[in-house]
Amino acid sequence: MYASLGYSCLAMYERSVEPDLLDRAAAALDDALSLAGSGERNPAEWAEWTGAFVTALRLNFERQGSLTHLERLITILTRALESPALPELSPARMTWLGTLGEALLWRYEITDAAYDLRTARAFLGRARSFAALAAAHHAEYLRASDLRALDDAVLTAVAAVRAAVGPDGAHLPVAFELAQCLLARAGVLRAPADATVAADLLKHCLLWSDQPSETLALQTVEYGRSLLTAHDLRTFPATAHDEDDPHSVHALDTAAMALIDVLVDPRFHERVKTRAASFLERAMALATERMARAERRDQRDYGHSTETEVWRRARAVLDERTTSHGRPHRPRTPAELRNNVEAIRDEMHHRAVEVVMGHPGSGPVEQARLVAAETDVLARWCLEAGERHAALEVVESGRAVLTAAAAGADVLGARISRLGLRSPRGQGLDTELAVYSDGSTSESGVPHRQLSEIVREQRLLPLPEGMRESLRDVFNDVASVPTPEDISEWCGSLGIDAVVHLLAGRHCGWALVVHRDGHITSLRLPLLLLHSPELVSFTAAHNEQLRAGEAVNPPADSSWRKALHGVCDWAWKAAIRELYEHLTAVGIEGTPRVVVIPSGTLGLVPWHAARHRAKTLGGWEYRFAIESMAFSYAPSAHALSWYTLRAFLPLTGSGVVVVDPTRDLPHARQEGEDLYRWYYSKGQRFGGSGEPGSVPATPRAVLSALSDPVGNPAPAYPVAHFACHARSRALAAESHLVLANGQRLSVSSVLNRLRWASQGPSLGPLVVLSACATAVPGTHYDSALSLATAFGSAGAAAVVGSLWAVDDAATASLMRDFHTLLNLEGLPPAEALRTAQLRALREARAGTRGKKTRAKAPAGDPSYWAAFVHQGLGYAAPPGGSVSSAVATLPERWGTSADTEASTDGPGLRLPIFASLPGPDPSAIVWRCPVADCSEKTNGDMDSPFDADCCPVHPGNAFVLA
């Protein structure tokens, strides 16, 4: 009886959309399932009732957006999937699995729980729910900036469009999602083809004019955005002699007209218009830029002037919105910032607020990255206006947000919560309900959205205007910005001559230099452009390696090596030559010591390997910046304050050495064995699972060795050396070192378990990450997001990391030299690393000098020695002292079979493993003993087991993923 009532109410709701009928249907079906015992119902009847109940719960959640309804839906689906009454191969199982995945995806959008997103992706993939799976992959990209997830989103959305395409328009939602993914990928990879395809898809969606008005509005806004993106990518970089592509010019005009139509249509919600206005302002800027190029060519094209009807109308619409909303005037040129510090601060806050309001669905790292990008632009404006002190304040504010996010802190979200404000994510959900509460059904009376569409459209809507002032107050308190006097004091403590911010621009770059005496200078760098061909080529080659998923040895990859050589040549001409001449002109004696803070993609460039050709007694050869200057790196100037409060433990022959725990790097194995035997034998050695007489390198064992027991969190050993594989991800908290049997020492574990930095003035270890790409993240390549920076946040006194996938044999040789200089010569880490790299360069020259030009290539090739960079403490000489540039005399080369013989045990390089997360199902991680006849198992997460890392029956064997 209850089941029949439920079916009847559900059928009537589908015709009338009366909310009361849906509530009655859910209650009746719930009663039917509760009253009928398992013995009184057959499996087919139970599955039918459960399916109807799930439908009622889902419709109720779509109507109200209540977390209570969502939790009820997830609970019912979970119990149903675990029920023995449901056959393993039942069609209902796949359907419910897909519905559960969508429900978890929606809960992730509400709660921001990454575990829900991982589980949703697993369930949706198993159920082959391509439309929702594409949305889940896209959400993972937004959360973690993971390009692999974005690629997966594109491929999955293409499959979904092909499966759903038809005259009824069922494919429109996933076509819209595909366009969003393509636009995201176009922005990251600078791929105009992706933006063009996205524009075609959105134009196709707009052909269905019977869609709800707000859906049409969003599609129109995104169509305008796609045209703007395509225009920007096709016309920049442009020189004064480049002519504009007529198609790009037409695309810009079309984008402006589409955005104007949204802004003047009274049917559309104000929140959608806010997004349209931001893109129209961007279109105005691009049009002005286009006309400036035409004037430089003396080709004034009045047919495409900003005084034509479309642009006059655009300006009028934007001015009307500014007046009606009571917003203050925003500066549109750098000249308006001159002698106006308050205007600069206001504009900085405005830009940060625009990021948070416009991207409420993005994770804290993605929001922080966008804030840093906006502050970089404003800092360049300040430098154009001659406001150097303001530029320092602006750029350090952005770097502070990014560095905190990389260490796992959502500084903006935390302050919003402390003020008792609704979170940006929650405000975005309120917007979705407000926008779609009316007219949420199509002409047929059927709800026009599927669950995954709610996730998609919510991400596009900006926050309400009421949040603007609150967010301004929040950002004003994000981080204390160092003054030039602060930086001067830190430079004196660390023995540094200058701190250098490198800022690339669209038309000109800048170096902002803070000297040891607190004086600030700026260098205009015309060649330091965001999209210089050399930088773009190197980024693309590096990105292709990380995304290839193959064991490609970079030093042996001719295309990658060619790109590296090109970017090293460019680095000298674009920045380092001017910087070196400036530092020597101000009277720095000896070798200038600089800390470089590169922004964005510049973090991928080995600035110490910037090179130029010079005449010597033996002919022409490459000279490198490291021969004239001493380089360290930092995520921000404020990060230097970390290290002024730290000191090294004395080297006493003890240390933690992790020796090739995956047992596939023969040279790393020999490197670790040598270092442990020669210099750190009083400490602890960790190796692979099952090695006789060896302790397996598991996260719990390594972390226990790195610090004293709880209550005394000071480091137990002065040095921690890791010779292993690494996975570097955009989210530093998810980057990790690969230990025994695939267990992972993640940055989140390091930040949670180690308390080196909690003591105030304290001791810290030297952490050497002798692995691949540990000084840059998996995407975007800003050094603030790297694995090495995260160890610095945890309290290391100094960190040595790498910029790319390093050669196993060359790295082993370099690391032996480095530790010998550290222990026998007594050099501080930065000087020891520089001297070891200069020795490698000198030996390459000695081995090739006098030979033919072709044989001289290794001497000018930095790929074998320049990958490693230093952060933190590293210089012993007081301010004003000089560092000898001579290479120290080292012991004779240590000969080992691993050094001279080709190995058959591995690929010969320490690859950054950017693979998918291991494990068949992230919702249930089981670890087992690797011994064949052992049945011991334990539960855990993706990093390691919860209770014990090793099998209790076979203690020398680390658990492996089942």
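Two strands count as paired when DSSP finds at least two bridges between them. By that rule, strand 2 and strand 3 (residues 520–525) pair: six bridges join them, and they run antiparallel. The model is predicted.

**Strand 2 and its partners**

Strand 2 also pairs with strand 1 (residues 498–503), in the antiparallel sense and over six bridges. Leu512 of strand 2 appears in both pairings. Its bridge partner is His501 in the one and Ser522 of strand 3 in the other.

Hairpins make the connections. Five residues link strand 1 to strand 2. Four residues lie between strand 2 and strand 3, and in this hairpin Gly518 takes a positive phi near 90°.

How many residues of strand 2 are buried? Seven of the seven, across residues 509–515, so the strand is largely enclosed by the rest of the structure. In a regular strand, side chains alternate between the two faces of the sheet. Here both faces are covered. Gly509, Ala511, Val513 and His515 are buried on one side. Trp510, Leu512 and Val514 are buried on the other.

**His582 in helix 24**

His582 belongs to helix 24, which spans residues 558–585. Is His582 buried or exposed? Its relative accessibility is 16%, and buried means under 20%, so His582 counts as buried.

Which residues does His582 touch, leaving aside its neighbours within four places in sequence? They are His515, Thr521 and Leu523. His515 is one of the buried residues of strand 2. Strand 3 covers residues 520–525, the stretch that holds Thr521 and Leu523. With Thr521, the side chain of His582 also makes a polar contact of 2.9 Å.

**A second sheet**

Strands 13, 14 and 15 form an open sheet in the order 13-14-15, with antiparallel pairing. Strand 13 (725–727) and strand 15 (744–746) are the edge strands, each pairing on one side only. From one strand to the next, the twist averages 25°. Strand 14 (residues 736–738) is joined to strand 15 by three bridges, and the two run antiparallel. Within this pairing, Leu737 has Leu745 of strand 15 as its bridge partner.

The antiparallel pairings with bridge counts are set out here.

| Strand pair | Bridges | A bridge-partner pair |
|---|---|---|
| Strand 1 and strand 2 | six bridges | His501 and Leu512 |
| Strand 2 and strand 3 | six bridges | Leu512 and Ser522 |
| Strand 14 and strand 15 | three bridges | Leu737 and Leu745 |

Technical notes:
Residues are numbered from 1 along each chain as its sequence is written. This is a predicted model: local features need pLDDT of at least 70, side-chain atom pairs count only at pLDDT 80 or more; totals for chains, interfaces and linings use all residues. Side-chain values use heavy atoms; hydrogens and water are left out. Buried means under 20% relative accessible area, exposed over 50%, partly exposed in between (1.4 Å probe, protein chains only). A polar contact is a pair of N or O atoms within 3.5 Å; within protein, one must be able to donate a hydrogen and the other to accept it, and residues adjacent in sequence count only if both atoms are side-chain atoms. Contact means heavy atoms within 4.5 Å. Axes are lines fitted to C-alpha atoms, for helices over the stretch in contact, and angles run from 0 to 180 degrees between N-to-C directions.
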